[in-house]
Amino acid sequence: MNTIFTPNKNHLQTKEQIGYVTRQQATEDDYRRIGFMSGLEVHQQLDTKEKLFCHCPCGVFHKNGAYDAEIIRHMRPAMSELGGYDGTALMEFKTRKNIIYRINNETACTYEIDDTPPFRINQEALGIALRISLLCKLNIVGEVHITRKQYLDGSIPTGFQRTAILGVNGQIQLSNKKLNLIQLSIEEDSCREISDIGHERYYKTDRLGTPLIETVTAPELNTPNELREAAEYIRFLNRSTGLVRTGMGAGREDVNVSCKGGSRVEIKGVAHNKWIPELSHNEAFRQWALLNIRKLLIERIQKEDWSILTQKLDYHDYNFTYAPLIECKEKEHQIIAVNLPEFKGLLSHFTQPGQNFADEIAQRLKVIACIEHPNLVHSEQEEELLSKEDFGKMLAKLGSNSNDAQLIIWGAKEDIPTAIETIKERCKMVFDGVPNETRKSLPDGTTIFERVLPGADRMYPDTDSAPIPLSDEYINNLGKDLPNDICERINQMNEWGVPKDSHHFILSKDLYPIIKEIADRFQFDPKSTAIFFGHTYKNIIGKYSIHPEFNYRKLVGLFKFIHDQELHPNITRYLFPILYQNPSMDFASMLISLKFKKRSLAELIAPIDFLEEKFKDLHPSENSENASHWIMGQLHRQAIGNIELRELRINIDKRLN
Ligand SMILES: [Zn+2]
């Protein structure tokens with residue numbers, strides 16, 4: 001039976017064929033079906049004054065245009081001692097990129113560009129990282145060995161990152177399982193990318209060299225939600241020390257995902273934990289889709305029999321109407337038609353929401369051959385970018401069969417050989433399944449190709465640094481007064497009856513110790529205090545920007561004042577907004593500005609009879625429940641800071657009945 005092929009229909013059919021479900025619909029069975037497996041590398045900047053191996057300041061950031069010097073670097077692969085080349089190195093070499101670093105004298109010195117050997121490792125950073133290692137129950141190394149990790153994507157000017165493992169084999173307790181931690185390392189942060197267009201990539205060096213820790217979990221997380229829980233747990237654990245940076249980019253996750261039969265793919269630099277479930281879900285299904293594409297292709301042809309055919313198209317012979325093709329004439333760009341044997345139905349095969357297999361090729365063309373999007377037209381596009389006549393002419397030139405698929409690409413003459421090589425390479429990978437690669441996350445929960453995953457042999461000793469012995473005494477000292485475990489904090493909050501929807505905020509802002517201190521020192525109810533932080537506090541800090549003099553100690557001071565003055569803590573809701581905006585104002589003046597007066601219960605309930613009469617005059621037909629409500633409205637403001645509002649209500653109701 002010969003049915004007409006429609007790309008959109010094929011996209012939907014293949015989506016159904018692989019059993020794609022949205023994350024909202026997905027059940028644990030779906031993840032078991034596709035063999036979802038994942039692990040994390042959690043990166044966290046440490047809050048130190050100076051960088052890890054030099055004395056440049058940390059946390060000073062410049063605008064893109066603020067720099068004193070620029071240096072340019074090119075990546076060149078060198079053969080390893082074992083006679084091989086690293087995949088990332090080769091890929092970066094193929095891109096023929098000019099990598100340009102913008103250096104500001106305030107935040108970078110000759111160390112960052114490898115003109116000066118490293119200084120002694122920052123002791124403050126080492127201490128913080130070791131404390132966090134202890135919190136992760138890791139076995140601490142006896143001696144720190146600084147090694148170099150190849151970094152060939154250009155984000156570090158020297159081509160390597162100095163890094164050292166501090167602890168191995170740790171564990172954290174999640175709600176449903178114990179998660180093993182493989183290791184924790186201390187390392188230097190990389191550069192921030194400014195732009196990456198065509199053959200030029202720009203970086204700024206302000207963040208470069210900032211002390212960073214990387215916590216690596218075992219690949220034991222079997223659902224996207226479990227993955228998020230682990231990422232949050234580690235983030236909270238790091239924050240519980242009070243010694244790490246917060247804010248945009250201070251904590252970033254690399255998420256490793258695979259499905260059954262797939263490969264380890266790394267989604268790099270995820271800035272928000274809430275994005276993790278959607279990203280990992282879609283990545284696992286993308287791999288599941290690629291395995292289906294493989295299955296369809298090997299049913300038709302064997303890898304060794306498969307090869308692409310290319311033909312240069314002369315625009316004089318065609319009546320192109322698609323703008324990028326028309327512009328080729330003016331830009332003197334080449335136009336190449338490519339035949340992909342037996343690929344019919346694969347280019348429009350579903351991979352991720354809004355993407356199909358043709359996007360896998362287009363993304364690599366942008367990254368490896370540096371041809372900006374849109375960079376291809378293909379035979380399975382819904383919109384007709386090529387007239388039937390031009391399309392027919394191209395098919396004839398390529399000698400295509402009916403089960404083939406075709407691409408047209410264009411670009412500068414020098415980029416075309418890499419582009420053709422890239423297409424060939426990506427299509428050949430279909431026969432093997434899922435390529436190892438790193439991917440960049442998009443806000444919609446999908447990902448795009450970033451880089452070939454670097455080889456395993458990336459580490460070599462740093463001959464510039466001596467080993468650092470860690471004495472038992474030093475480690476024991478660091479282990480004194482460690483904060484308690486996040487799982488203990490969660491259990492305690494559950495015991496107190498703190499609503500679950502407040503846990504995240506309290507842990508992410510590290511407010512638990514304050515709630516505990518307020519409960520222990522002033523005997524205030526921890527549940528109400530936690531609710532104050534989860535609601536009033538959250539609301540106020542979201543509304544106003546932080547005053548430079550405000551800090552958590554001021555808040556503890558506020559609760560102490562309430563305690564010493566024998567006020568009811570429900571007045572915190574009114575005092576806190578004043579404190580947050582005027583942290584140096586004394587608490588007594590704040591009470592005056594609220595027109596607060598100390599009143600006994602008897603004084604507070606004295607006007608009830610009078611108010612009841614007044615209510616009856618105003619609303620003769622209303623019932624006593626409404627009367628109680630109205631009287632409450634008249635009196636509640638006076639009660640705040642004096643008694644529990646519920647107590648006032650009980651007294652009103654008692655009088656009315
Ligand atoms: Zn420096």
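In which sense do β3 and strand β10 (residues 200-204) pair, parallel or antiparallel, and over how many bridges? Keep that question in mind; the tour reaches it at the second stop.

**Start: the whole chain**

Show everything first. This is a predicted model. The C-alpha trace spans about 100 × 75 × 45 Å along its principal axes. Switch to cartoon. The secondary structure comes to 22 helices and 23 strands. Colour by burial if your viewer allows it. Of the 657 residues, 39% are buried. Now consider contacts with a sequence separation of 6 or more. Residues 24 or more positions apart account for 75% of these.

**Stop 1: the mixed sheet**

Select β2, β3, β10 and β9. These four strands form an open sheet, in the order β2-β3-β10-β9. Its pairing is mixed. Look at the two edges: β2 and β9 (192-197) each pair on one side only. On average, neighbouring strands here are turned by 20° against each other, direction ignored.

**Stop 2: along β3**

Zoom in on strand β3, residues 98-103. Take its β2 side first. Strand β2 (residues 69-73) runs antiparallel to β3, and five bridges join the two. Show I71 as sticks: Y101 in β3 stands opposite.

Now cross to the β10 side, and to the opening question. β3 and β10 pair in the parallel sense, over five bridges. Select R102 to see one place in this pairing: K204 in β10 stands opposite. Strands of a sheet pair through backbone hydrogen bonds, either parallel or antiparallel. Strand β3 shows both senses, antiparallel with β2 and parallel with β10.

**Stop 3: the antiparallel sheet**

Hide the mixed sheet. Select β14, β15, β19 and β18. This is an open sheet of four strands, ordered β14-β15-β19-β18. Here the pairing is antiparallel. The edge strands are β14 and β18 (376-378), and each pairs on one side only. Neighbouring strands in this sheet are turned by 20° against each other on average, ignoring direction.

Walk across the sheet from the β14 edge:

- Select strand β14 (residues 309-313) with β15: the pair is antiparallel, with five bridges. Show L313; its bridge partner in β15 is I335.
- Add strand β19 (residues 405-411): β15 and β19 pair in the antiparallel sense over seven bridges. Show I336, which stands opposite I409 in β19.
- Finish at β18: three bridges join β18 to β19, and the two run antiparallel. Show H378; L407 is its bridge partner in β19.

Go back to β15, residues 334-340. How many of its seven residues are buried? Five are, and the strand is mostly covered. In a regular strand the side chains alternate between the two faces of the sheet.

**Stop 4: the helix across the sheet**

Keep the antiparallel sheet on screen. Add helix α10, residues 416-429. Which strands does α10 lie across? They are β14, β15 and β19. Sight along β15: α10 runs at about 15° to this strand.

**Stop 5: a crossing of two helices**

Move on to helix α16 (residues 552-564) and helix α17 (residues 572-581). Their axes come within 11 Å and cross at roughly 140°. An angle over 145 degrees would count as roughly antiparallel; α16 and α17 are therefore oblique to each other. The crossing is right-handed.

Show the side chains at the contact. From α16, pick K554, L558 and I562. They meet T572, L575, F576 and L579 in α17. By class, this contact has five nonpolar residues, one polar and one charged.

**Stop 6: G142**

End on a single residue. Select G142, in the loop between β4 (139-140) and β5 (143-144). Is G142 buried or exposed? G142 has 11 other C-beta atoms within 10 Å, so this glycine is exposed; the cut-off for exposed is 12 or fewer.

Now select L470. G142 and L470 are 328 residues apart along the chain, yet their C-alpha atoms are separated by 5.5 Å. Leaving out residues up to four places away in sequence, G142 touches P469 and L470. Show these residues together to close the tour.

Methods: Residues are numbered from 1 along each chain as its sequence is written. This is a predicted model: local features need pLDDT of at least 70, side-chain atom pairs count only at pLDDT 80 or more; totals for chains, interfaces and linings use all residues. Axes are lines fitted to C-alpha atoms, for helices over the stretch in contact, and angles run from 0 to 180 degrees between N-to-C directions. Angles under 35 degrees count as roughly parallel, over 145 as roughly antiparallel, 65 to 115 as roughly perpendicular and the rest as oblique. A crossing is left-handed if the near helix is turned anticlockwise from the far one by less than a right angle, and right-handed if clockwise. Two residues are in contact if their C-beta atoms, placed from the backbone, lie within 7 Å. Ala, Val, Leu, Ile, Met, Phe, Trp, Tyr, Cys and Pro count as nonpolar, Asp, Glu, Lys and Arg as charged, and the others, Gly among them, as polar. A residue is buried if 20 or more other C-beta atoms lie within 10 Å of its own, exposed if 12 or fewer, and partly exposed in between; C-beta atoms are placed from the backbone. Two strands pair if DSSP finds at least two bridges between them.
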